[in-house]
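I opened this notebook to keep track of what I looked up, one entry at a time. My plan was to begin with a single side chain and then widen the view.

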Amino acid sequence: MKLTKFIPAIAAAATLAPAFAFAQDAASAAPGEQTAYILTTVLFLVGGFLVFWMAAGFAMLEAGLVRSKNVTMQLTKNVALFSLAAILYYLVGFNLMYPGDAWTIPGVLGSFSITSLEAVGLPAEEAALDYASVGSDFFFQLMFCATTASIVSGTLAERIKLWPFLVFTIILTGFFYPIEASWQWGGGFLSEMGFSDFAGSTLVHAAGGFAALAGAIILGPRIGKYKDGRVHPFPGSNLALATLGTFILWLGWFGFNGGSQLAMGTVSDVTDVSRIFANTNTAAAGGAIAALIMTQVMYGKVDLTMVLNGALAGLVSITAEPLMPSLTEATLIGAVGGVIVVFAVPMLDKMKIDDVVGAIPVHLIAGFWGTFIVAWSKPETSYITQIIGFATIGAFMFVVSAILWFILKVTMGIRVDAEAEINGLDIHELGIEAYPEFHKG
Amino acid sequence: MKLTKFIPAIAAAATLAPAFAFAQDAASAAPGEQTAYILTTVLFLVGGFLVFWMAAGFAMLEAGLVRSKNVTMQLTKNVALFSLAAILYYLVGFNLMYPGDAWTIPGVLGSFSITSLEAVGLPAEEAALDYASVGSDFFFQLMFCATTASIVSGTLAERIKLWPFLVFTIILTGFFYPIEASWQWGGGFLSEMGFSDFAGSTLVHAAGGFAALAGAIILGPRIGKYKDGRVHPFPGSNLALATLGTFILWLGWFGFNGGSQLAMGTVSDVTDVSRIFANTNTAAAGGAIAALIMTQVMYGKVDLTMVLNGALAGLVSITAEPLMPSLTEATLIGAVGGVIVVFAVPMLDKMKIDDVVGAIPVHLIAGFWGTFIVAWSKPETSYITQIIGFATIGAFMFVVSAILWFILKVTMGIRVDAEAEINGLDIHELGIEAYPEFHKG
Amino acid sequence: MKLTKFIPAIAAAATLAPAFAFAQDAASAAPGEQTAYILTTVLFLVGGFLVFWMAAGFAMLEAGLVRSKNVTMQLTKNVALFSLAAILYYLVGFNLMYPGDAWTIPGVLGSFSITSLEAVGLPAEEAALDYASVGSDFFFQLMFCATTASIVSGTLAERIKLWPFLVFTIILTGFFYPIEASWQWGGGFLSEMGFSDFAGSTLVHAAGGFAALAGAIILGPRIGKYKDGRVHPFPGSNLALATLGTFILWLGWFGFNGGSQLAMGTVSDVTDVSRIFANTNTAAAGGAIAALIMTQVMYGKVDLTMVLNGALAGLVSITAEPLMPSLTEATLIGAVGGVIVVFAVPMLDKMKIDDVVGAIPVHLIAGFWGTFIVAWSKPETSYITQIIGFATIGAFMFVVSAILWFILKVTMGIRVDAEAEINGLDIHELGIEAYPEFHKG
């Protein structure tokens, strides 16, 4: 998902064009520009609906990992945050993130205007000037914006009020995410600097993780979580849902990483997309198996929630560079992600940062690992630049998020009262239980 | 999803052909006819499997919104209705709906014969005469027929007997739906008249809604729903499932609306498909947010089931014309759909029409809104014609459905006895509980 | 999914090439080799992610059909087995299954080496030598290997230990499956013999079924299942999940069968893929309706779990030949699959083979039916050859699986102790309940 990818793709088609003039080569010729446009647009559409599906994955994962008294609230937040992201990204985000020539501050701040798609029935001559449909690109990119917001909701579950969370989502999806993402994918200063983040280990996952971390610190832990110097685990209410959510996210990730190739109109591009699919899958598998073995070795029992988060951490880890690694490298990169989760979850608990679903280990910490390790397989990157890029995004997201959470805290208040928290947000805030007929233990 | 779309698509390819003869233009040439055939077929296949997935969405939505004592029955109905639709559409529906030259009554009644697909290994010269594979078109269209039946099952849940419901499904999917759909998509009298319904706000959603409405009136409300002049809500047993179902439907809708472009072999068509994806998504978001705000304002609490139905109503609203509106128009069209749901659900209750999942507000009433508002963004349509078309389909579906429900009532009986209804259809009718181990509250 | 399919596909493109030299034919020309390469690769990628999704389907189906005390374990096994399959298939399986010229024993045993994908940014001239991206083919084939392992986990649920099951999975996915699959799809002795199994009724489904059968016999039935000469049913804990799982599998099967066409770069191929989609769908519908009717007739009540397994049996039945049958033939083939399930489930119980989810009837017995009936619609096959091929694979899988289960039994032990089985594997083996807050009945 590098903007600079666009130009080579078109250039490549142009280069092959003369060869096409020889009729005897026709059968082996590269697809024409219009066919390439169609194929790349298909990549965005299919990739986009797969990433859309991740919104359902986050909803199920989080609904499964909270206690049953907070499930309706968690579901409501997930539907609402996706919907708000969709609207904000069209009203503000897309043009703020891809400013083209219209930077407000070059390399740092894009332009403010709403998204307008191509005219209906666009004639081929006009469209062929571009590499794919703007509508498909918008559709695809919007899903990444929504994913960033999804990451936040899990960490802050079971105690945050609905409306302040939604206000945060509006600012995050309309402003914070598009601004930081423009620094790399909009051709901003990070991309100039040589930072590399193929599909968003930093720009999406760690960015969401930093917004969540700031929120978790300002919001504080759930009542009873850290008491008498001990960590009291609150088991998730429905591990079948959590597992379903993980499988949904895994599926959606093929679109997330594969679609970030941003081109499918040449043999080279589709071959790269294939490689990305294979690497994405094996990294998830590596993360799951690493967490499986680690929890067996460390605790004597396999922990399903760790295995699920291990798979997700594997996915986050490979997201910064799903193309260059070999299958073996991808498996190892994912496996380290899985190991990270097993250590980072109790570490956060020691710091009394209460992350309900483990989103900070999975998205922020494995996001760092994935970003850092790009330099292993991609020659033109450096570990130092990767660290600088990560730190830049992290500092920005943490600071602006903390400021916003703080403002929300002193104005609207962000935390439900103790009675609501103890009795459940569903009854107190929404008046609807998710499972009204199943007795609670 | 206009049959007339087919011819222009082929004509366009033909028009571009001469330009292709100039070798120097080859790289920018439109895809050849055979490539276009492949790409459009892919659209039908991918669109088709996405709409198939909506069958699961309806099943989960409905299973989540009924009480746990009726979940097995609701699941059984959903699997069975899809299966029956698949068989009936191949035995009768497809040829009844797309009569081509073989109308039994021109513009009104198609022809009766079973579907036969192309020969295996079809040579290119034969296939190239057509714009896409017949098999893919059949696969895609069949899913719309099944969707119509899915809409009915939710409204009538928790009190209708299994077998009369399945008999109704057989007639609906084999006859009612194909007949009314042929009036527009088969090139019948409504399409002649200038009625416009791109992907089926009227032909699928409102049609299903009218069949459901007729059934709800004849079947009567659930015991205890309207008692002592008050409405007694029966909360759904599993809102996580209902939310999952909504996300599934939202995902499937990209295929529903996007696939209804019916062509993907040109730059113009794939650009239109992209626009449809983006508009479909934003309309759903608009519907969800509108319902979120409305329930907060009206009741002081956000109502998740309204938000879910708001998203679905947004989707239904944009279905009649997902291509022409701008993103802003699409968001507003969807938002009005969401508002409609919030008002229509209690309105139906006032009329003592017991619609268990809210399918009539979502599919029929928002379906009317979506059909009506086509004239806002599509110059060649008129509000009057849209109303006439909607009323024609509505009257037909309501009358034939009411007659059939009445016949079923006096022959087989359509309602379980009071004891079965109170103790649950699962135990009484099927002998299997959906959640046998979870105590009921 | 016949390896021999590859060569004709490329040959066809070559044959059409000369016609392309006539500029006046350009608009109707077949896609060039590179476009065909892209389209076939897309088939593998989309088919592959659909089959990936089946892993979630098996997980949900099985989690829904076991008792709630064993749900976490069943989910853990499903995530772990898929992850192990992914890793083993890349380390060993792919090259063992597609040996090309490097058979260790010609026609019987492939070669041992890890999978290496194409170089990044592969130039078109190199890739055009092949018919599709190796990475996409690997991705697609890997999913079939994982499916085979998924089948085993359901049968042996509720009593097998985690780690011996995972060791079995490693050997199954790394060795047993690739070896037997190479005999047909790797160009081995069964394909030489004229055996026909398009997408794997035998190679995947029955193979998994035989591995499960050997395990079920050696493991023995669950405590209390067969007591006092009666069969005691243990109802599944969550039929909504089981239904969801069935819909997921049904969706994934479009990729399973459709992708097995292995080519989409010609009009003929995409037309065949369409036909496969339509046939796959109607076979599932036929199986569901047959089971619906049979259970009504035989037991006086429709049995949802039989309907779900009926749909799956319909899918397995059409998998050996989803292309050649007409829609009517496909519906009948699927319907017989559904009938088989209704009879085979109690038959297995009579033999005291305890198959928790009905995987042996669905995958092994309907797999035999599907393999056998290929000869009905495919002229170049014979019933005898089909039986021989099925018996060969079956004998191999049963014997090697039985040996391995036996070794695991005498070394690690494969069965949990009685207390763990009675109290539930979740508490005893994993320490985490899937639904900790829902009281058990």
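Before the first entry I noted the cut-off I would need: a residue is called buried when its relative accessible area is under 20%, exposed when that area is over 50%, and partly exposed in between. I also noted that what I have here is a predicted model.

**Entry: an aromatic residue in chain C**

Is C:Phe94 buried or exposed? I found a relative accessible area of 8% for C:Phe94, and because buried means under 20%, C:Phe94 is buried. I placed the residue in helix H3 of chain C. Leaving aside neighbours within four places in sequence, I listed C:Tyr89, C:Thr115, C:Val134, C:Asp137, C:Phe138 and C:Gln141 as the residues in contact with C:Phe94. I also looked up C:Pro178, which is 84 residues away from C:Phe94 in sequence, although the two C-alpha atoms are 7.0 Å apart in space.

**Entry: an aromatic residue in chain A**

I then turned to A:Phe372, which lies in helix H13 of chain A, a helix covering residues 359-372. The relative accessible area of A:Phe372 is 24%, so I wrote it down as partly exposed. With neighbours within four places in sequence set aside, A:Phe372 is in contact with A:Tyr383, A:Gln386 and A:Ile387. From A:Phe372 to A:Ile388 I counted 16 residues in sequence and read 9.7 Å in space, C-alpha to C-alpha.

**Entry: chain A as a whole**

For the overall picture I looked up the secondary structure of chain A, which comes to 17 helices and two strands. The radius of gyration of chain A is 22 Å, close to the 22 Å that the globule rule gives for 441 residues, so chain A is as compact as a globular protein of that length. I noted that the C-alpha trace of chain A spans about 80 × 45 × 45 Å along its principal axes.

Of the 441 residues in chain A, 71% count as buried. Among the contacts in chain A with a separation of 6 or more, 79% join residues that are 24 or more positions apart. The area that chain A exposes is about 12,100 Å², of which carbon and sulfur atoms supply 68%. I also recorded the charges: chain A has 19 positive and 30 negative side chains, and the centres of these two sets lie 17 Å apart.

**Entry: salt bridges**

How many salt bridges does a search of the whole structure find? The search gives 15 over all chains, and I followed up several of them.

In chain B, I looked at the salt bridge between B:Asp354 and B:Arg222, whose closest N and O atoms are 2.8 Å apart. B:Asp354 lies in the loop between helix H12 (327-350) and helix H13 (359-372), and B:Arg222 lies in the loop between helix H8 (201-219) and strand S1 (226-227), so the pair ties together parts of chain B that are 132 residues apart in sequence. Both B:Asp354 and B:Arg222 are buried.

In chain C, the side chains of C:Arg67 and C:Glu158 meet in a salt bridge at 3.2 Å, N to O. I placed C:Arg67 in the loop between helix H2 (33-65) and helix H3 (71-97) and C:Glu158 in the loop between helix H5 (134-155) and helix H6 (162-182), so this pair ties together parts of chain C that are 91 residues apart in sequence. C:Arg67 is buried, with a relative accessible area of 14%, and C:Glu158 is buried as well, with a value of 1%.

I then found C:Arg222 in a salt bridge with C:Asp354, with 2.8 Å between the closest N and O atoms. C:Arg222 and C:Asp354 are both buried. For chain A, I noted that salt bridges with shared partners join A:Arg67, A:Glu158, A:Arg222 and A:Asp354 into one network.

**Entry: a buried charge without a salt bridge**

C:Glu180, in helix H6 of chain C, is buried yet has no salt bridge, and the nearest side chain of opposite charge, C:Lys378, is 16 Å away. Not counting residues up to four places away in sequence, C:Glu180 touches C:Leu203, C:Ala207, C:Ile393, C:Phe396 and C:Met397.

**Entry: backbone angles**

Most residues other than glycine have a negative phi. With that in mind I checked B:Lys352, in the loop between H12 and H13 of chain B, and found a positive phi, near 55°. C:Lys352 lies in the loop between H12 and H13 of chain C, and its phi is also positive, near 60°.

Key
Residues are numbered from 1 along each chain as its sequence is written. Chains are lettered from A and ligands numbered from 1 in the order in which they are written. This is a predicted model: local features need pLDDT of at least 70, side-chain atom pairs count only at pLDDT 80 or more; totals for chains, interfaces and linings use all residues. Side-chain values use heavy atoms; hydrogens and water are left out. Helices (H or I, at least four residues) and strands (E, at least two) are DSSP runs, numbered from the N terminus. The radius of gyration is taken over C-alpha atoms; the globule rule is 2.2 Å times the number of residues to the power 0.38. Buried means under 20% relative accessible area, exposed over 50%, partly exposed in between (1.4 Å probe, protein chains only). Contact means heavy atoms within 4.5 Å. Accessible areas come from the Shrake-Rupley method with a 1.4 Å probe; for residues, only the protein chains shown count as cover. Lys and Arg count as positive and Asp and Glu as negative; His and the chain ends are not counted. The place of a charge is taken as NZ of Lys, CZ of Arg, CG of Asp or CD of Glu. A salt bridge is a side-chain nitrogen of Lys or Arg within 4 Å of a carboxyl oxygen of Asp or Glu.
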